[in-house]
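Dear colleague,

I am passing on the structure that we spoke about, and I would be glad if you could read the notes with the model open beside them.

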Amino acid sequence: MGDYGLGGRLLAFLLGLLVAVWLPAHLGPWVLTLILPLPTLALSASRSLPGWLAAGVLTALVWQAWALSLRPALELSSPVAVTGQVVDLPDNHEDRQQFLFAVEAIENWRGPLPRRIQVSIYDQRPRVQAGERWRLWVRLRRPRGYMNPVRFDYERWLAADGIDARGTLSRPDEAESKTPASGLPAWRARLSDHIGSVAGSGQGSALLQGLIVGDRRGFSEQTWEILRATGTSHLMAISGLHIGLVGGLGVMLGQWLWALARIPGARHWSGLVLGGIAATGYAALAGFALPTQRALIMFAVVASAAAVARRLLPGRALLLAAMLILTLDPAAGLSPGFWLSFSAVALIILVARGRRPGGPGALLRIQALLTLGLAPVSALFFGTWSPQGLIANLLVIPVFSFFIVPAALGATLLDLMTPGISAWGLGALARLLEALLIAGEWLDGVGPGLLSLGVGEAVGSMGALLAVGLMLLPRGLPLRWLAVPLCFPIALAAPLRPDHGEAWIDWLEVGQGNAAVIQTRAGVTVIDTGPAWFSGGNAATFTLKPFLEERGIRRLDRLVVTHADRDHRGGVETLREAFSIDQVMTGEPISALPGARQCVAGQRWSADGVNFAILAPEPGRIGTGNEASCVVLVETRGGRVLFTGDTEGQAEHALARRLQQPVDVMEAPHHGSRHSTTSALLEAAKPDQVVVAAGYRNPYRMPDAGLIQRLRCRGLAIHDLGLRGALHVKLTATGVEIGPGARVRHGRWLNESHRVGRFQGGKQIHYHSRLPCAR
């Protein structure tokens with residue numbers, strides 16, 4: 001077939017690869033059955049496109065099955081001895097270390113080895129360094145994360161980064177160092193330390209380390225906030241933009257040297273060789289991270305076409321590079337960086353077609369359309385868009401492209417060749433970066449900030465992408481005017497809200513803890529904030545905060561913290577810093593919430609036609625700990641939901657006596673512990689649905705297997721957040737609507753399945769309603 005046929009086949013195969021990695025897991029068996037015979041159509045001249053599409057789907061499905069086979073067994077509970085090398089720059093803190101471990105061997109292991117393990121050490125020893133080889137006793141687990149209706153999916157991030165397992169060091173006394181630090185990781189660590197020593201200790205130095213060797217460990221949270229708010233985070237990622245820039249500079253330098261020194265061979269060969277060396281060297285500085293590998297493939301496709309003196313159309317080169325990347329690693333299609341890089345290149349190709357390059361006006365036009373054109377992609381993956389990013393990128397990208405990146409790499413190379421001679425240059429660049437950071441902070445202060453684009457704007461984002469395409473059409477063509485109205489849905493997008501008299505409840509998966517959001521027509525109530533960890537972090541940073549922000553919520557009408565245990569109050573300070581809170585209620589005093597109102601049974605309030613009531617603790621019987629838990633009843637004309645905190649024992653029996661009507665949905669008290677959710681409470685509440693907020697494979701053996709059997713034998717529907725992810729419940733005027741769980745709705749093949757079950761003591765807890773019930 002002609003050129004058009006080749007491009008069509010490439011595009012069909014590429015679409016097949018992408019369809020397979022984004023395919024909902026529950027549709028996988030059906031799709032596999034349908035497409036198995038179709039790849040043979042690829043040999044047919046008239047029906048080749050469906051065949052190539054099916055071939056792409058089948059290729060990605062087989063690859064994903066192989067990747068899943070590298071993960072440790074579900075029931076694995078004992079530590080194993082793993083030998084491997086530390087292949088990244090360890091993130092070391094006083095009480096925690098985390099690093100990537102390339103596996104060489106696992107003793108007494110059956111089956112294929114994981115490629116890389118993310119290892120955490122919660123101890124002062126051993127202190128590992130980049131490039132060292134160790135034999136460690138590690139308790140392995142499958143790469144599982146929280147599954148919530150927020151855009152960042154930790155499991156997909158791990159899959160896109162080639163991490164097949166996570167592990168915790170189990171026997172620090174038996175850790176055995178095999179060989180000292182060596183190789184590329186050790187060299188990167190030494191270079192990063194050297195840059196930090198000569199450039200100072202400020203954030204400018206940290207930015208310089210990130211720009212030269214991809215070391216972003218020194219970035220403060222404030223720095224990340226400024227980069228996100230100004231839309232310049234991509235400048236700190238060594239990927240397509242930087243690799244292409246350095247490779248292009250290498251080509252120009254090679255051609256100049258050819259002309260100057262009369263080097264034998266064709267001029268373009270000299271430029272391509274030096275450009276390839278420069279691009280590969282910069283990728284090596286970044287540790288050949290996956291984004292740099294993809295950028296190298298793109299550069300190699302274009303360079304190979306130029307080397308054989310064959311003109312390759314830009315669009316064809318882009319398709320070929322994307323197909324090669326996704327064929328080698330289909331999980332790359334899950335990475336926002338992949339979509340942003342290829343979308344940016346596609347936009348540049350469309351803007352530049354038929355025009356002569358050059359001039360500040362052309363650069364400004366390309367940058368403006370890039371900022372607008374990538375907004376829909378940013379909205380789909382991050383839920384936000386930075387209007388001030390248009391100004392920031394117009395000013396900063398030329399400075400980075402034509403001065404900071406070449407100067408930083410040149411100063412580093414010169415300093416390596418003649419130590420000390422260019423230290424002043426690195427220091428000056430660090431001060432310049434710090435000044436740009438201060439300017440970004442000022443711009444963030446005067447600008448509108450990050451705009452939330454909501455969760456359900458997939459249609460709006462597609463409309464915006466179509467609008468960008470129409471804007472890029474040649475002048476004079478019809479329908480270009482449609483670009484303006486097509487931008488309205490995403491520009492004016494507002495998250496959906498319940499009707500008056502309705503309540504939407506989202507129980508979030510936060511691990512071993514509780515957090516729920518109740519939305520009424522114009523108000524928001526949060527019950528509990530999830531756990532805090534001894535490392536200093538908390539689950540609200542990754543779950544509750546982004547959930548609220550992506551829905552455009554900036555103010556909370558009420559925060560109810562059921563009691564003072566860490567697994568319920570862990571995210572209090574995160575919420576106080578990020579949101580305005582009108583009123584706070586607690587079951588017992590919490591130092592981080594001075595002036596909070598005490599929960600007492602009998603308190604009531606209404607919001608937008610939805611009634612709230614406190615049912616516990618009873619007046620005069622307020623205790624501490626679990627006995628102090630606030631119990632909250634949410635009621636509409638169509639349903640009743642009961643939040644129980646960690647109520648148990650006598651407090652649970654008192655709650656059972658106080659309940660006057662059945663409820664539709666009840667939260668299992670104390671995460672489904674052995675001594676909670678008694679028969680007395682179940683008889684009084686008579687729920688149809690029970691929500692169990694317990695972390696997946698937590699160390700407290702929650703939920704209790706006997707409790708699950710008791711609920712199952714009563715015929716109750718059980719929603720285990722640790723298994724099925726966040727739960728969305730709608731209390732409407734006519735009844736209760738309950739979703740299937742975020743893991744069921746959003747899970748892809750490389751996400752852990754909601755059917756994996758819980759294992760305690762090597763035995764699985766059974767949830768199936770058709771299993772026999774023991775008396």
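What follows describes two sheets, one strand in more detail, and some of the salt bridges.

Please keep in mind that this is a predicted model, in which local features need pLDDT of at least 70 and side-chain atom pairs count only at pLDDT 80 or more, while totals for chains, interfaces and linings use all residues. Residues are numbered from 1 along each chain as its sequence is written, and side-chain values use heavy atoms, with hydrogens and water left out.

Sheets

Helices (H or I, at least four residues) and strands (E, at least two) are DSSP runs numbered from the N terminus, and two strands are said to pair if DSSP finds at least two bridges between them. One open sheet is formed by eight strands in the order 15-14-13-12-11-10-23-24, with mixed pairing. Its edge strands are strand 15 (597-598) and strand 24 (736-738), each of which pairs on one side only. Within this sheet, strand 11 (residues 515-519) and strand 12 (residues 524-529) run antiparallel and are joined by five bridges, and Ala515 stands opposite Thr529 of strand 12.

Another open sheet, also of mixed pairing, has seven strands in the order 16-17-18-19-20-21-22. Strand 16 (604-607) and strand 22 (717-720) stand at its edges with a single partner strand each, so one side of each is left without a neighbour in the sheet. On average, neighbouring strands here are turned by 20° against each other, direction ignored (the axes are lines fitted to C-alpha atoms, for helices over the stretch in contact, and angles run from 0 to 180 degrees between N-to-C directions).

Strand 19

Strand 18 (residues 631-636) runs antiparallel to strand 19 (residues 639-643), with five bridges joining them, and the two strands form a hairpin with two residues between them. Thr636 has Gly639 as its bridge partner, whereas Leu633 stands opposite Leu642. Strand 19 is also joined to strand 20 (residues 665-667), in this case by two bridges and in parallel, and Val641 stands opposite Val665 there. Together with helix 22 (residues 650-658), strand 19 and strand 20 make a right-handed β-α-β unit (right-handed if, with the strands pointing away from the viewer, the path from the first strand over the helix to the second runs clockwise).

Five of the five residues of strand 19 are buried, so the strand is largely enclosed by the rest of the structure (buried means under 20% relative accessible area, exposed over 50%, and partly exposed in between, with a 1.4 Å probe and protein chains only). Gly639, Val641 and Phe643 point one way from the strand, and Arg640 and Leu642 point the other way.

Salt bridges

The whole structure holds 20 salt bridges (a side-chain nitrogen of Lys or Arg within 4 Å of a carboxyl oxygen of Asp or Glu). In one of them, Arg71 and Glu752 have their closest N and O atoms 2.9 Å apart, and this pair links distant parts of the chain, 681 residues apart. Arg71 is buried at 8% relative accessibility, and Glu752 is buried at 4%.

Asp173 and Arg125 meet in another salt bridge, at 2.5 Å from N to O, and they lie 48 residues apart in the chain. Asp173 is exposed at 63% relative accessibility, while Arg125 is partly exposed at 43%.

With kind regards
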